[in-house]
Amino acid sequence: MKIKTIIALLFLPGLLLAACARTAPPARPLVAATLTPTTAATSTATPQPTSTPRPTPTATPTPQLTQLTTGGCCVNPGWSPDSRQVLFIDKPSDSAPAGIYAVDILTRAQEPPQWSGRVGIYSPDRSLIEYTDNFATVIEKPSTGEKWAIPGQVPVDFAPDNQHLAWDNDPDITGPYDQRPSDLYVADINARKPVRITRVYGGGLVGWLPRGLKLMYLGRPSLDVRERTLTVLDLTTNVTTTLVSTERLSGMSVSKDGTWLAYYITFDADKSRNGMWMQRTDGSQARRLEMWGAYQWRDDAHLLVIPMRASSDKPFEVWEVEAVSGNSRKLTDAATTPLQILNGDWRVSPDGRHIVYVNSADRNLWLLTLPDQ
Amino acid sequence: MKRGYRLIVLLLLTMLAQPAVAAGPPRPFGLPFADPPGPNSWYLGQLYGNTTGAYNQRDIMYHAGQGLHFGIDLAAPCGTPVVAIGNGVVAKVDAPEHGSLPHNLMLQLDAGYAALYGHLVERSKLTVSQRVTKGQVVGLSGDSFGTCHSAPHLHLEIRSPNYLTAYNPITLIDADWDSLALIGSYQRGFERDLADPRQWQYPDDQPKTQFGGPLLNNYSEAWPPDWYRRR
């Protein structure tokens, strides 16, 4: 699969629904249009395994499971910014419009899911929506009806300030994935005077960090280099930070304040590197975890992990890893919380108190309320 | 009596508040790798069916398969031994008419299906008509671009004995698919027809593929958008 597609899919649920949960940072000067591309790295931290405390079970109150939808509805859920509503794409009847529907996690029993908006990618403050029309990417401001097109038909990523865009263009989409060039661009929200930031091979744009004007991208800096490098570029200072280099890097996920990053390294010749990693986005404190499974950030510094299980007879368990110390604790117990997740389809609420997931038993959306931190 | 009634009500309420466990039909086949999944061995890549990846390439790579991904992709380093998913006979070695180059292998399985192992790194050492047993090494995984650096994975198809129909492997291979799906799930979305967004959205609810049949997912309004479609 195309790396850019993978990256787009990786961020899709967030882009579609949960991106609106981001907190808009203070306004920044418009810097993108005057940026001078650079490749100078100021940090070249390369993760080396450090000792990680082994997971230790911790007694907690039994978390609650609550059914949210019926009738085999739905998949790829997201959250409203206030963590009150679970959002998902649906068309609940032949006469109903396709769109984003919402179920209130407090009043779910009283009313069916309600229409919440058209399908599209929303800006962090939900003031703009992105979609395709007539072979073009269009950004629309629903409050005024104003709309404009982006050069080329590409998915664009809204910056957390709601004033900038980033995207990548593949001049050549033929040939092996790891050799395909990808040009990264930034522009103001109107896409005027886009500036090419850099070219990478076998990669592309990962996304904006949640705060400031920092772009994360992945790829081989040249065809002479086998490893892909994960880089953060601060557009306000024009400084790049190299986070990690390896051939197969995936699953990049940034904590809610942008301080921490989690990712997978797989199939590296140095087997001690393979696994799940946490690292600060300034390049420091890389740590490999003693777990193998799915993860999402609960807040600025706590990662929720659902390890692969030894047997399908057992429900999944949710663990929490504290980023700074690496300490972990079990939040749910398979013996008392029958958590069954279909297709890895789960999403943490912005306030970190809930997980919505597709229950593999009945294919409805269920809510897991986590113990307090 | 009253106490017993309360207990029954409590029990029923508890049962209602807990998701039921689904039981599916028997699955006759095993996984094509002997080792367990992990960051050094293999993990689930693209599923079978109406995947976003196949949708985006419905006019090109997957056109002959009705716009569906007609197998499953399991990411693995080049050279990982792959094993027979069931007892059977070698039907073809390196059959380019079935795609999945640079090397492939077709088995006729005793259970009444055929299995195609695609993108092998080298020609299988097996010969046509040779019997294989479930779990026996039949080849080495490779890369769809032949580089071992681009997209190293095994592409596995389960077909009808006449090769004209492909079935969803996860409905036929006995494995903990919910657990396997935890890793790399960002690659695993299914394309939505906004006229019927609930159609084909679960890994085990996907249409079979009739090779040469019409596209099943040429949607007028789809999500995610086909960003890469050109005039």
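Which side chain meets A:Arg309 in a salt bridge? The partner is B:Asp176, as the first view shows. The model is predicted.

**View 1. A salt bridge joins A:Arg309 and B:Asp176.** The two side chains meet at 2.7 Å, N to O. Across the interface of chain A and chain B, the rule finds three salt bridges. Polar contacts also link the chains. Their count is 18 residue pairs, with both residues at pLDDT 80 or more.

**View 2. Helix H1 of chain A touches chain B.** This helix spans residues 3-16 of chain A. Seven of its residues belong to the side that touches chain B, the largest share of that side. By residue kind, the side of chain A that touches chain B divides into 36 nonpolar, 23 polar and 13 charged.

**View 3. Chain A and chain B bury about 5,600 Å² between them.** Carbon and sulfur atoms give 61% of this area. In chain A, A:Phe267, A:Met308 and A:Asn343 lose the most area to chain B. Together they make up 13% of what that side buries. In contacts, 72 residues of chain A meet 59 residues of chain B.

**View 4. Confidence varies along chain A.** The mean pLDDT of chain A is 85. Of its residues, 82% reach 70 or more. Over residues 1-45 of chain A, however, the pLDDT is below 50. Beyond near neighbours in sequence, this stretch has 123 contacts in the model.

Terms used:
Residues numbered from 1 in each chain as written. Chains lettered and ligands numbered in written order. Heavy atoms only, no water. pLDDT = per-residue confidence, 0-100. Contact = heavy atoms within 4.5 Å. Buried area = accessible area lost by both parts, 1.4 Å probe. Salt bridge = Lys/Arg side-chain N within 4 Å of Asp/Glu carboxyl O. Polar contact = N/O pair within 3.5 Å; in protein donor to acceptor, adjacent residues only side chain to side chain. Helix = DSSP H or I, 4+ residues; strand = E, 2+ residues; numbered from the N terminus. Nonpolar A, V, L, I, M, F, W, Y, C, P; charged D, E, K, R; others polar.
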